[in-house]
Amino acid sequence: MLPPLAKKHSKLIAFIVTVLGLGVIPTFNQSPFYLDLIIMMIVYAVMSMTFLILLRTGLISLGLAVFWGIGAYASTMLVMKLGLSFWIGLPAGALASGLFAFLIGPLLIKNAGITFLLLNAVLGLLFVVVIGNISYLGGYTGINNIPAPDPINLPLLPTIEFVSKIPFYYLALFLLVVVAVLITAFNACWVGRAWTAIGLKPRLAETVGISVYRYRLLSFVFASAIGGLMGSFYAHYQGFIQPSTFNMWITNYFQLFAILGGVEHVIAGPLVGAAIMRFFPELIRYSPEVGNIITGTLLILLIIFLPRGVLSLFDKNRQFLEGVTFIRTWAKSLFKSGDKVDTS
Amino acid sequence: MALNGQLFFNGLAIGLVYVMLCSGMVLIQSVNNIIFIAYGQFYTIGAFMTWVFVQKVHLPYFVGLLFAVVVSFILGALTYLLILRRIQFTQGKFLATLIASTGLMLVLGQGGLLVFGTTPQSIPPIFPGMFEVLGVHVQVDKLTVIIMGIIITLALFWFYERTRIGIGMRAIAFKPEIASLFGINVDMVFMVTLGVGTALAGVAGGVIAPTYGIDPMMGQNVVWTIMAMTMVGGADSLLGALAGGVIVGQVLSFGQYYIGGLVQVVLFGVIGVILYFRPKGLLGRGLDIGVE
């Protein structure tokens, strides 16, 4: 078995191994196709993490893409209209998203639950049509030729030029690490404990003196700022943006990645879910006409047999083999009537 | 006057299609208490099955429409039996059904493209021709849409208010556990609800096929708008769906003419304002999705 220290920090070790593993990929595979796949996987995974940050406080959001889009548009506008550097646009995108969330949050969070969900959905629907009607922001056709980030000089390294996909790859990996550290830091301190308490029982949390409204607003602003950060990166990586990218379906996909991986694992869950959903269609790309059918079937089967996500197979209190027998009991119940099945 | 009358007439036709779509969504949302994203695909399937039965099998239009509705009903009931029944009774069912219906949406969407092809289609008008009343050009096809919409809505209200299954649906929408205690077969009612809901989507698709034309992406494009409309009227109120559909049809018809593309901004903005002040919708009791 593992030594106790390794067991205690198993999540940290797994994360470091994953990041290092992703970090060495460009040394032996430089095909732009695979690098693009992994970069977008990281962007999507980080966006799903923002969904989990909100879910932790009991808020189910259908408007994640809005804050993604605001970051993208804010950063693009700063770089293209004001001529600022990307390295100012990146934090400015996060700031713009966070500020917007801070301004609109009091309206949305006042009544949590279904109200928050619906108002977010309306926000998501509004975003596309509002941006589409503003010709200054490019309308429905969007903005083309967004410049790549400026070259940067780091000590001990040659000048990094953003011409190929490899610098973007490392930038995405760097952002992933930053976001993961931020989320872990928030979750480890008193803020995270308050968030968990609110997610479990909001009224009880209110009784013991946690300001539900303030902590929910904090989590909303934090999640939105991360969304803005990734939006800025996405805009400058793709080189073009259009409002229909930030529609409701992409929000739906972000939720899907998170739930597929397992909502209890804030960082690993979205990564695993996004990896499955990004790479599985590639495995079956030889039959593109039935690809979506297989992906959809896989989703349905996964949610029926592993309702708590793929990572629930590796839970501490359930060994891997037990997980397999769990699947077998589920499979047996498939042929019985729809009784209430105990999932705990 | 004649112009406004024309706009009103066009808005009424498209509004009654929205009423049918919203009613099915309301049934599924209130009774099964889930958000069913794959709903839009059943709209597409209804439209394309009608097209297949009319254009390929050469059945009369109304017989083809009936068959298409039956196919939609069977597909919806199968969805419940094969998929939703497994997760309908678990604890985190809101998120689980969201994922399952997304998967179903992918399967049905891609399957529809495989079976029906990727090109937009149309059915030749059943009742060509038009007549003029007070300067309004009344196309007989759109009049047919309106009449069928009214008949189907009335039938649905009768079904929901008067029949045993309708009473069971209302009881389950109110309190599922207590309804089950009183001897209502919850499993069966859930199945019928999903079937009736998807059949309504199918009939909406079949009804618009001769007048407006059909294309394979129409279900996906409209599903979030339908959801927003049902929320305004009340996620569990058929009367709300009726009001929401009719009003949105009029707003779209008049707004498209007078203010152009901005109409969607105004529409969603007004929906947001209404939801902010009446989170449960204008006429509904609101959904319980298990979070507070």
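**Notebook: a predicted two-chain model**

I began with Ser97(A), which I found in helix α5 (residues 86-109) of chain A. The model is a predicted one. Is Ser97(A) buried or exposed? Its relative accessible area is 0%, so I put Ser97(A) down as buried, the cut-off being under 20%. I then listed what Ser97(A) touches, leaving aside neighbours within four places in sequence: Phe67(A), Ile70(A), Gly71(A), Ser224(A), Ala225(A) and Gly228(A).

**Chain A as a whole**

I counted the elements next. Chain A has 14 helices and zero strands. Of its 344 residues, 53% count as buried. I also looked at contacts in chain A between residues at least 6 apart in sequence, and 74% of these join residues at least 24 apart.

**Cores**

I looked up the largest nonpolar core and noted 202 residues in it. Which residues have the most contacts inside this core? They are Trp68(A) and Phe233(A). The element that gives the most to the core is α3(A), with 17 residues. I followed Trp68(A) further, not counting residues up to four places away in sequence. Its partners include Val43(A), Tyr44(A) and Met47(A). Also among them are Gly227(A), Met230(A), Gly231(A) and Tyr234(A). Thr245(A), Phe246(A), Ile250(A) and Phe254(A) complete the list for Trp68(A). Apart from the largest core I found another, of seven residues, among them Val19(B), Val136(B), Val138(B) and Ile146(B).

**Ala13(B)**

Ile146(B) came up again when I checked Ala13(B), a residue of helix α1 (residues 2-32) of chain B. Beyond its neighbours within four places in sequence, Ala13(B) is in contact with Lys142(B), Val145(B), Ile146(B) and Tyr212(B). Ala13(B) and Val145(B) are 132 residues apart in sequence, yet their C-alpha atoms are 6.1 Å apart in space. Ala13(B) has a relative accessible area of 0%, and I therefore entered it as buried.

**Interface of chain A and chain B**

I turned to the contact between the chains, which takes 52 residues from chain A and 44 residues from chain B. Together the two chains bury about 4400 Å², 75% of it on carbon and sulfur atoms. How many salt bridges cross the interface? The rule finds zero. For polar contact I noted two residue pairs across the interface, both at pLDDT 80 or more. I then asked which elements give two or more residues to the side of chain A that touches chain B, and listed α3 (32-56), α6 (114-133), α9 (202-207), α11 (248-261), α13 (288-305) and α14 (320-334) of chain A. I sorted the residues of that side into 32 nonpolar, 14 polar and six charged.

**Salt bridges**

A search over all chains gave two salt bridges. One joins Arg85(B) to Asp187(B), with the closest N and O atoms 2.7 Å apart. This pair links distant parts of the chain, 102 residues apart: Arg85(B) is in helix α3 (residues 61-87) of chain B and Asp187(B) in helix α8 (residues 186-212) of chain B. I checked the accessibility of Arg85(B) and read 16%, so Arg85(B) counts as buried under the 20% cut-off.

I also noted a salt bridge between the side chains of Glu161(B) and Arg170(B), at 3.4 Å from N to O. Are these two residues buried or exposed? Glu161(B), at 34% relative accessibility, counts as partly exposed. Arg170(B), at 30%, counts as partly exposed.

Note on methods: Residues are numbered from 1 along each chain as its sequence is written. Chains are lettered from A and ligands numbered from 1 in the order in which they are written. This is a predicted model: local features need pLDDT of at least 70, side-chain atom pairs count only at pLDDT 80 or more; totals for chains, interfaces and linings use all residues. Side-chain values use heavy atoms; hydrogens and water are left out. Contact means heavy atoms within 4.5 Å. Buried area is the accessible area (1.4 Å probe) that two parts lose on being put together, summed over both. A salt bridge is a side-chain nitrogen of Lys or Arg within 4 Å of a carboxyl oxygen of Asp or Glu. A polar contact is a pair of N or O atoms within 3.5 Å; within protein, one must be able to donate a hydrogen and the other to accept it, and residues adjacent in sequence count only if both atoms are side-chain atoms. Helices (H or I, at least four residues) and strands (E, at least two) are DSSP runs, numbered from the N terminus. Ala, Val, Leu, Ile, Met, Phe, Trp, Tyr, Cys and Pro count as nonpolar, Asp, Glu, Lys and Arg as charged, and the others, Gly among them, as polar. Buried means under 20% relative accessible area, exposed over 50%, partly exposed in between (1.4 Å probe, protein chains only). A nonpolar core is a set of buried Ala, Val, Leu, Ile, Met, Phe, Trp, Tyr and Cys residues joined through side-chain atoms within 4.5 Å.
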